[in-house]
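Please read the following walk-through with the model open beside the text, and take the strands and helices in the order in which they come up.

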Amino acid sequence: MPLPPLVEPVAALSAAEAQRTARHLVLADLGEIGQRRLRAAHVTVVGAGGLGSPVVLALAAAGVGTLTVIDDDVVELSNLQRQVLHRLADVDAPKVDSAVRVAADLAPETTVRPVRERLTAANAEALLSEADLVIDGSDTFETRTLVAAACERLGVPLVWGVVQEFAAQVTVFWSAPPEGVPPVVLSDLYPPEGVGELPSCAAVGVLGALCLQVGSVLAMEAIKLIAGIGEPLFGRVLLIDALRGRMSEVPLRGRAETAGAATTSAATSVPARPAVPHVAADALDDEVAAGAFVLDVREADEIATGAIPGARHAPLAEVLGRPEAFSAEGRIVVVCQRGLRAVRAAAALRDAGADAVVLTGGMDAWSAR
């Protein structure tokens, strides 16, 4: 449903800004007044990485007046596969410096406020308090929880997205929406008691091109909310399956609205599969003595740093692509670096009929033994 615009428009655009955003000015729904609202808006972007990069690019190009970019990290070479704000020359430099430079190159009238500071429970509310809208592009659930909690207290709308491997989710949370609109917050999608250990993109990977797609969606949601146009993803979760080229959505209602009824959410829309059994590192020798073989699903460069003697190597993608090839080989103890990828592999192997278990803690636990 359409929502009222978040900000009052500036009185006028400069001649240069009007010329630069001319293709916006002729859009029937956005138009000149919508562009003036974008010029008046202050958006805070948490994270200048895979999602924050395309968000900063898109919102600066769109003519958002003020962008605060919060990130305490420096650019690493492995970031460049997906974090399109940065260049080779930026390696080891603060990520927020890239945001300042790139936004200035695109839209000189956009002010970028770099905040090279780690967002914590102590400073989150202060860092986000001046924003009309917050976009969370952070890469840990801990930070997302802090951002969401601060936005709830401030009553600021939060455009939220997460990417992992080839899949993504995007939605909008708002604890104080316009009158008559029920609030929806992060805990409605992911109740705290239901969030377990979540893998990092360093452990399971992320498709760089998908980050650009999701960042564009996040920026579009911000534009719709600022200008009061279209139907924001409020009360809905957009699901993206990049490998299959599919986009779908599920409804999301606040727990207060449902008054104790089961909440429909992306987190609960798929029935849970049985847990994959684990074995401790100390029990591995007994498993091998009883006839099990060890399947290491790490990548070749990880294997080069050390492996369990006698382990067979098959990268995760190979196992997921043809799990039936391993299903008749007896008991399998699956190992990766920390155990997260091994869970995926073992689940696929079990679905194919194999007796597969996971080495708890992976190579880290075996090495520490």
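## From the parallel sheet to the mixed sheet

Leucine 295 has arginine 312 of strand E11 as its bridge partner. That pair belongs to the connection between strand E10 (residues 293–296) and E11, which run parallel and are joined by 2 bridges. The model in which these pairings are found is a predicted one, and every statement below should be read with that in mind.

E10 and E11 are part of an open sheet of 5 strands, whose order is E9-E13-E12-E10-E11 and whose pairing is parallel. At its edges stand strand E9 (278–279) and strand E11 (312–313), each of which pairs on one side only. Helix H15 (residues 340–351) lies across E9, E10, strand E12 (331–335) and strand E13 (355–359), and the helix runs at about 170° to E13.

The other sheet to look at is an open one of 8 strands with mixed pairing, in the order E3-E2-E1-E4-E5-E6-E7-E8. Its edges are formed by strand E3 (111–115) and strand E8 (246–251), and because each of these has a single partner strand, one side of each is left without a neighbour in the sheet. On average, and with direction ignored, neighbouring strands of this sheet are turned by 15° against each other.

Within this sheet, strand E6 (residues 167–173) is a useful place to pause, since 6 of its 7 residues are buried and the strand is thus mostly covered. Strand E5 (residues 158–164) is joined to E6 by 7 bridges, and the two run antiparallel. Glutamine 164 has alanine 167 in E6 as its bridge partner, while tryptophan 160 is bridged to threonine 171 of E6. The two strands form a hairpin with 2 residues between them, and in the turn glutamate 165 has a positive phi of about 55°. E6 also pairs with strand E7 (residues 236–241), in the antiparallel sense and over 4 bridges; here valine 170 has leucine 238 of E7 as its bridge partner.

Towards the E3 end of the strand order, threonine 66 is found in strand E2 (residues 66–70). Is threonine 66 buried or exposed? Its relative accessibility is 16%, and because the limit for buried is under 20%, threonine 66 counts as buried. Leaving aside neighbours within four places in sequence, the residues in contact with threonine 66 are Ala41, His42, Val43, Thr111 and Arg113. Asparagine 79, for its part, is placed in the loop between E2 and H5; this residue is buried as well, with a relative accessible area of 5%. With the same sequence neighbours set aside, that is, those within four places, asparagine 79 is in contact with Val74 and Lys95.

The helices can be followed from H4. The axes of helix H4 (residues 52–62) and helix H5 (residues 95–106) come within 9 Å and cross at roughly 30°, which makes H4 roughly parallel to H5. H4 passes H5 in a right-handed crossing, and the contact is made by Val56, Leu57, Ala60 and Ala61 on the side of H4 and by Ala99, Val102, Ala103 and Leu106 on the side of H5. By class, this contact of H4 with H5 has 8 nonpolar residues, no polar ones and no charged ones.

H4 also meets H10, and there the axes come within 8 Å and cross at roughly 40°, so that H4 is oblique to H10. This crossing of H4 and H10 is likewise right-handed. From H4, the residues Pro54, Val55, Ala58, Leu59 and Ala62 meet Cys211, Leu212, Gly215, Leu218, Ala219, Ala222 and Ile223 of H10. The residues of this contact divide into 11 nonpolar, 1 polar and no charged.

Finally, helix H3 (residues 31–40) brings several of these helices together in one account. Its buried residues are Gly31, Gly34, Gln35, Arg36, Arg37 and Leu38, and they pack against helix H1 (15–20), helix H2 (22–25), H4 and helix H10 (208–227).

How values were computed
Residues are numbered from 1 along each chain as its sequence is written. This is a predicted model: local features need pLDDT of at least 70, side-chain atom pairs count only at pLDDT 80 or more; totals for chains, interfaces and linings use all residues. Side-chain values use heavy atoms; hydrogens and water are left out. Buried means under 20% relative accessible area, exposed over 50%, partly exposed in between (1.4 Å probe, protein chains only). Contact means heavy atoms within 4.5 Å. Axes are lines fitted to C-alpha atoms, for helices over the stretch in contact, and angles run from 0 to 180 degrees between N-to-C directions. Angles under 35 degrees count as roughly parallel, over 145 as roughly antiparallel, 65 to 115 as roughly perpendicular and the rest as oblique. A crossing is left-handed if the near helix is turned anticlockwise from the far one by less than a right angle, and right-handed if clockwise. Ala, Val, Leu, Ile, Met, Phe, Trp, Tyr, Cys and Pro count as nonpolar, Asp, Glu, Lys and Arg as charged, and the others, Gly among them, as polar. Two strands pair if DSSP finds at least two bridges between them.
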